[in-house]
Amino acid sequence: MKRSVAIIGGGLCGLTSAIRLAEKGHQVHLYEAAPALGGRTRSFYDATVNEWVDNGPHLLIGAYKATHKLLEGVGAGVNITWQQSLKLSLWDEQRGHFSLAPSPYLPFPLALMAALYRLPGHGADSLLSLLRIHRSLKGADTASVKAWMVAENISDILQRDLIEPLCLGVMNEPMESADCKSFASVLRVAFSNHDHARLGWFNKPLSEALIRPLEQRLESLGGSIHIRTTIRSIEQADDTCLLHTGQNELGPYQHVLIALPAYARNRLLGIDEPVKTSPITNVHLWFENDIPLPDALVGGIGTRGQWYFNVSSQMGRSGTQHICAVISAEKAGNKAEMIQNICEELAKLSGIETVQPVHSKIVTEQHATVLVADHRRMNTGMIIDASEAPLSGDFPATIEAAVLRGEEAAQSLCFQ
Ligand SMILES: Cc1cc2nc3c(=O)[nH]c(=O)nc-3n(C[C@H](O)[C@H](O)[C@H](O)COP(=O)(O)OP(=O)(O)OC[C@H]3O[C@@H](n4cnc5c(N)ncnc54)[C@H](O)[C@@H]3O)c2cc1C
């Protein structure tokens, strides 16, 4: 039976569900509050450098199969550059540059162990620690990632070089508070084979690489898209729903699919329940002179900027060099001080005495990710709740989790 469905939220989750439902012939109406689709994966135009800039660079791993399939399906798979096999470039002040690069010619677990053994400062102790992590992956159920590391007696250097950066990168939360089961589920999937472990990044701004192809696909399927439309409440009457914007009443619809972060869903449904989120701050810097970095992405250990993205090289752009430093789980404080810190770190990373940007832009997303908690789902049959509300053990708030929520919500509606 073909149905009319309203989708609230035009981020990746809403777009995915809208496409899947429209493909099944349902009549889809997508409502987005902002002036453009994309949500947390969006770009803005920076007139000073005449470039589209992402709110923050997004990193993918090969294990993001749902995202990969979705993008391939709309002809946008080529917009991601994938590593042939995992190479994690790292830097710290004592050891300089080094990288974790498991050999693609060995089975992954063996290759990872050999690569780890070769890292400066590591050795048999790290291997034993890695084996203990591997052995406890399935049953990991401590209060936090840190508690897991302590319980398994994981060496300090392995925690510092690998676990801490990965935890901040995927969970957007420090080891001391991040959910152990969710982090273990990421490790289990990401480190299962070479294909899953490799990294990928967009080679165009997010709006062009990701959002526009999805939008075009939805339009070609006859879905209707309404931007600048904030839905304030949902009214259920008999077997239909109406949406209210404050000025207008929209509908009736047979189903409403909520594709929002949990705090926005709570606001919409009038639920007075706090939702914990974590920020991400991106420090975008542009340079006239070349800042040499060994790879398109470098992880800093013991640095304020945790990941340094060479955006120009990722996007194949020449001219002014764009580097973005990502600071997970931190809001922008004093902006001048933050830029100075990042420039000092970049000077050390690149071996250049002083680095002086010609332009800078700091973007803080206050609610970059909804943290793992004992969230509720608000499904009623007519209302399908695909909100970002990760439970312990779920994949954390990522691109892949957003796509999967969209896929699952569309499927559950089709089965009703
Ligand atoms: C800076 C940053 C860096 C990140 N880096 C990575 C990364 O490297 N790798 C990774 O996998 N993930 C990363 N993420 C996470 C990833 O971007 C998100 O998990 C994902 O985009 C969430 O998509 P979504 O559709 O669930 O939510 P959103 O993108 O938040 O979409 C929800 C949409 O709903 C709209 N909306 C809200 N309320 C209403 C309303 N009442 N009516 C109508 N519309 C409404 C919003 O405007 C928004 O467009 C990052 C996030 C940020 C912010």
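These are my notes on the ligand shell, the domains, one helix and a few backbone oddities in this predicted model.

**Ground rules.** I am working on a prediction, where local features need pLDDT of at least 70, side-chain atom pairs count only at pLDDT 80 or more, and totals for chains, interfaces and linings use all residues. Numbering runs from 1 along each chain as its sequence is written.

**Ligand shell.** I looked up what surrounds the ligand, taking a residue as near if its C-beta atom, placed from the backbone, lies within 6 Å. I got 36 residues, with Gly 9, Gly 11, Gly 39, Gly 56 and Thr 398 coming nearest. Elements giving two or more residues are helices H1 (12-23), H10 (262-269) and H13 (399-415), plus strands S15 (277-287) and S19 (359-370). Helices (H or I, at least four residues) and strands (E, at least two) are DSSP runs, numbered from the N terminus. By type I have 18 nonpolar, 13 polar and five charged. Here Ala, Val, Leu, Ile, Met, Phe, Trp, Tyr, Cys and Pro are nonpolar, Asp, Glu, Lys and Arg charged, and the others, Gly among them, polar.

**Domains.** The assignment gives domain 1 (4-44 + 204-276 + 371-415), domain 2 (99-194) and domain 3 (277-370); such bounds come from an automatic or database assignment. Domains 1 and 3 each give at least three residues to the ligand shell. Their centres, over C-alpha atoms, are 32 Å apart. Their contact (C-beta atoms, placed from the backbone, within 7 Å) takes 13 residues from domain 1 and eight from domain 3. The domain 1 side has nine nonpolar, no polar and four charged residues.

**Helix H4.** I checked the length of H4 (residues 124-136): 13 residues at 1.5 Å each should span 18 Å, and the end C-alpha atoms are 18 Å apart, which agrees. The expected span is 1.5 Å times one less than the number of residues. Ser 126, Ser 129, Leu 130 and Ile 133 are buried, meaning 20 or more other C-beta atoms within 10 Å of their own (exposed is 12 or fewer, partly exposed in between, C-beta atoms placed from the backbone). Down the axis, the buried residues of H4 fall within an arc of 100°, so they line one face; the arc is that of directions from the helix axis to the C-beta atoms. Ala 124 and Arg 135 are exposed on the face turned away. Cover for the buried residues includes H3 (108-118) and H6 (156-171).

**Backbone oddities.** Gly 251 and Pro 252 share a cis peptide bond, omega about 5°. Asn 153 has a positive phi of about 55° and is exposed.

Note on methods. Two residues are in contact if their C-beta atoms, placed from the backbone, lie within 7 Å.
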